[in-house]
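The following exercises invite the reader to examine a structure step by step. Each task is followed by a worked solution.

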Amino acid sequence: MKKVRLGKTGLMVSRVALGGIPIMRVPKAEAAELVREAIGLGINFIDTAHVYSDSEEKIGEGIKGIRREDLVIASKSPANDKKAFNEHLETSLKRLGVDYIDIYQLHNIGSGARRDAVLAPGGAYEGLVEAVRAGKVRFPAFSSHSLPIVLELAKSGKFSVLQFPFNYIDYEAEKDLIPLAKELDMGFIAMKPMGGGLLDNAGLSFRYLLQYDSVVPDPGIERIEEIREIAAIVEKNEPLSGEDRKEIEKLRAEFGPSWCHRCDYCQPCPQGIPISSALGAKSSIKRFSPARWRELIGPALESARNCLECGECVKRCPYHLEIPKLLKESIAFWDDLNSGAA
Ligand code: SF4
Ligand code: SF4
């Protein structure tokens, strides 16, 4: 598989990474097989996180026996302070079974408060810099869902790599962030290249992303067939067709600005409402049979009736969605469907 330079790190990484969220759902033996299959397809770039339950461990199992220098491993810590950061890093190293991590990201710097905490004296960033000095991490990085914060942190010069959501629906990176990262020679990892599983046309998703030669898509993979399909699309490297462009325009209009990005940063909801499932009701109806959709989404929509409109979730949503209002719209859709009106 073609490799690209990940900005100023100089690391040569495969044109697509292996994202480690869905591997949490895969049984251990199959997870190791999945990782080895990806490596066999030429994917040398693997991204995980301290908070993805046993993802680091499963990846560690999958990379056993592979020469360390043949891999580029990225992980993340959600710590605010240096002490917690150091604990997370040691755990990540141990779980992955490696002496160093190439790219260690301060995970989801999504608010001014978190930014201030990690950058304060004794904060996680200090731990990251010390880890680079100690050779436990090669390059400092961060991930975020907030465009103003990602722009600010990129300009700070403190990081070599950033990770931000980017796909043909979440395309706010296109205008300023991608050119800025290029100008600063920062590595750009595209989070949620398939909209967190919502965009089911892999060909369209990757043809769109491959237009950006400085961006490395990081799809979460659960099944061997998925990574084979993506690797084949990447190898083909076809340009976006006129039909593709029309389809993207159509889908952008359909999803609109109230689209829930399914990041779940709005949680926890005091009423236990699975907000992203309830908000994604309309768009997910196309992906499942009616019976399966009802089984999967019905309970989320019923529990949405318990919303107290406390606004806690709104404060945490990096996209500032009007969640209580959108929940009401989803419930109305559900009610119409049940009464035969939709
Ligand atoms: S506004 Fe509703 S959905 Fe949001 S946290 Fe409060 S109860 Fe939960
Ligand atoms: S409502 Fe906002 S925070 Fe919650 S999952 Fe959707 S986009 Fe993320």
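**Exercise 1. Strand β7 and its neighbours**

Task: Determine which residue stands opposite Ser143, and describe the strands that pair with β7.

Solution. The model is a predicted one.
Step 1. Ser143 stands opposite Gln163, a residue of β8.
Step 2. The two strands concerned, β7 and β8 (residues 161-165), run parallel and are joined by 3 bridges.
Step 3. β7 is also joined to β6, again in parallel, by 5 bridges. Here Leu106 is found opposite Phe142 of β7.
Step 4. Of the 7 residues of β7, 6 are buried, so the strand is largely enclosed by the rest of the structure.

**Exercise 2. The sheet as a whole**

Task: State the order of the strands in the open sheet and identify which strands stand at the edges.

Solution.
Step 1. The open sheet is formed by 8 strands with parallel pairing, in the order β3-β4-β5-β6-β7-β8-β9-β10.
Step 2. The edges are occupied by β3 (18-19) and β10 (215-217); each has a single partner strand, so one side of each lacks a neighbour in the sheet.
Step 3. At the β3 edge, the parallel pairing with β4 extends over 2 bridges. Gly19 has Asp47 of β4 as its bridge partner.

**Exercise 3. Two helices and their buried residues**

Task: Establish which residues of α5 are buried and where they lie around the axis, then examine α2.

Solution.
Step 1. In α5 (residues 124-133), the buried residues are Ala124, Tyr125, Gly127, Leu128 and Ala131. These residues cover an arc of only 155° around the axis, which means that they lie on the same side of α5.
Step 2. The elements that cover them include β5 (72-77), α3 (82-96), β6 (101-106), α4 (112-119) and β7 (137-143).
Step 3. Just after α5, Gly135 adopts a positive phi of about 80°.
Step 4. In α2 (residues 55-62), 6 of the 8 residues are buried, so this helix is largely enclosed by the rest of the structure. The buried residues are Ser55, Glu56, Lys58, Ile59, Gly60 and Gly62.
Step 5. These buried residues of α2 pack against α1 (28-40), β4 (45-47), β5 and α3.

**Exercise 4. The surroundings of the two ligands**

Task: For ligand 1 and ligand 2, list the nearest residues and describe how each shell is made up.

Solution.
Step 1. Ligand 1 is surrounded by 14 residues, of which Cys269, Cys307, Cys310, Glu312 and Cys313 come nearest. At least two residues of this shell are supplied by each of α14 (312-316) and α15 (323-339).
Step 2. The shell around ligand 1 consists of 10 nonpolar, 2 polar and 2 charged residues.
Step 3. Ligand 2 is surrounded by 14 residues, the closest being Cys260, Cys263, Cys266, Ser276 and Cys317. Helix α11 (residues 275-279) contributes the largest share of the shell around ligand 2, with 3 residues.
Step 4. Around ligand 2, the shell divides into 10 nonpolar, 2 polar and 2 charged residues.

**Exercise 5. Backbone exceptions**

Task: Locate the cis peptide bond, and find where Ser53 and His320 lie and how exposed each is.

Solution.
Step 1. As a background, most peptide bonds are trans, and most residues other than glycine have a negative phi.
Step 2. Gln267 and Pro268 are joined by a cis peptide bond with omega of about 5°. Pro268 belongs to the loop between α10 (242-255) and α11.
Step 3. Ser53, in the loop between β4 and α2, has a positive phi near 40°. Ser53 has 13 other C-beta atoms within 10 Å and is therefore partly exposed.
Step 4. His320, in the loop between α14 and α15, has a positive phi of about 55°. With 9 other C-beta atoms within 10 Å, His320 is exposed.

**Exercise 6. Leu209 and the chain as a whole**

Task: Decide whether Leu209 is buried or exposed, and then characterise the protein chain.

Solution.
Step 1. Leu209 is part of helix α8 (residues 202-209). There are 22 other C-beta atoms within 10 Å, and a residue counts as buried at 20 or more, so Leu209 is buried.
Step 2. Beyond its neighbours within four places in sequence, Leu209 is in contact with Asn167, Ala190, Pro193, Val215 and Pro217. The C-alpha atoms of Leu209 and Pro193 are separated by 7.6 Å, with their positions 16 residues apart along the chain.
Step 3. The protein chain contains 15 helices and 10 strands. Its radius of gyration is 20 Å, close to the 20 Å given by the globule rule for 342 residues, so the chain is as compact as a globular protein of that length.
Step 4. Buried residues account for 44% of the 342 residues.

Key: Residues are numbered from 1 along each chain as its sequence is written. Chains are lettered from A and ligands numbered from 1 in the order in which they are written. This is a predicted model: local features need pLDDT of at least 70, side-chain atom pairs count only at pLDDT 80 or more; totals for chains, interfaces and linings use all residues. A residue is buried if 20 or more other C-beta atoms lie within 10 Å of its own, exposed if 12 or fewer, and partly exposed in between; C-beta atoms are placed from the backbone. Helices (H or I, at least four residues) and strands (E, at least two) are DSSP runs, numbered from the N terminus. The arc is that of the directions from the helix axis to the C-beta atoms. Two residues are in contact if their C-beta atoms, placed from the backbone, lie within 7 Å. A residue is near a molecule or strand if its C-beta atom, placed from the backbone, lies within 6 Å of it. Ala, Val, Leu, Ile, Met, Phe, Trp, Tyr, Cys and Pro count as nonpolar, Asp, Glu, Lys and Arg as charged, and the others, Gly among them, as polar. Two strands pair if DSSP finds at least two bridges between them. The radius of gyration is taken over C-alpha atoms; the globule rule is 2.2 Å times the number of residues to the power 0.38.
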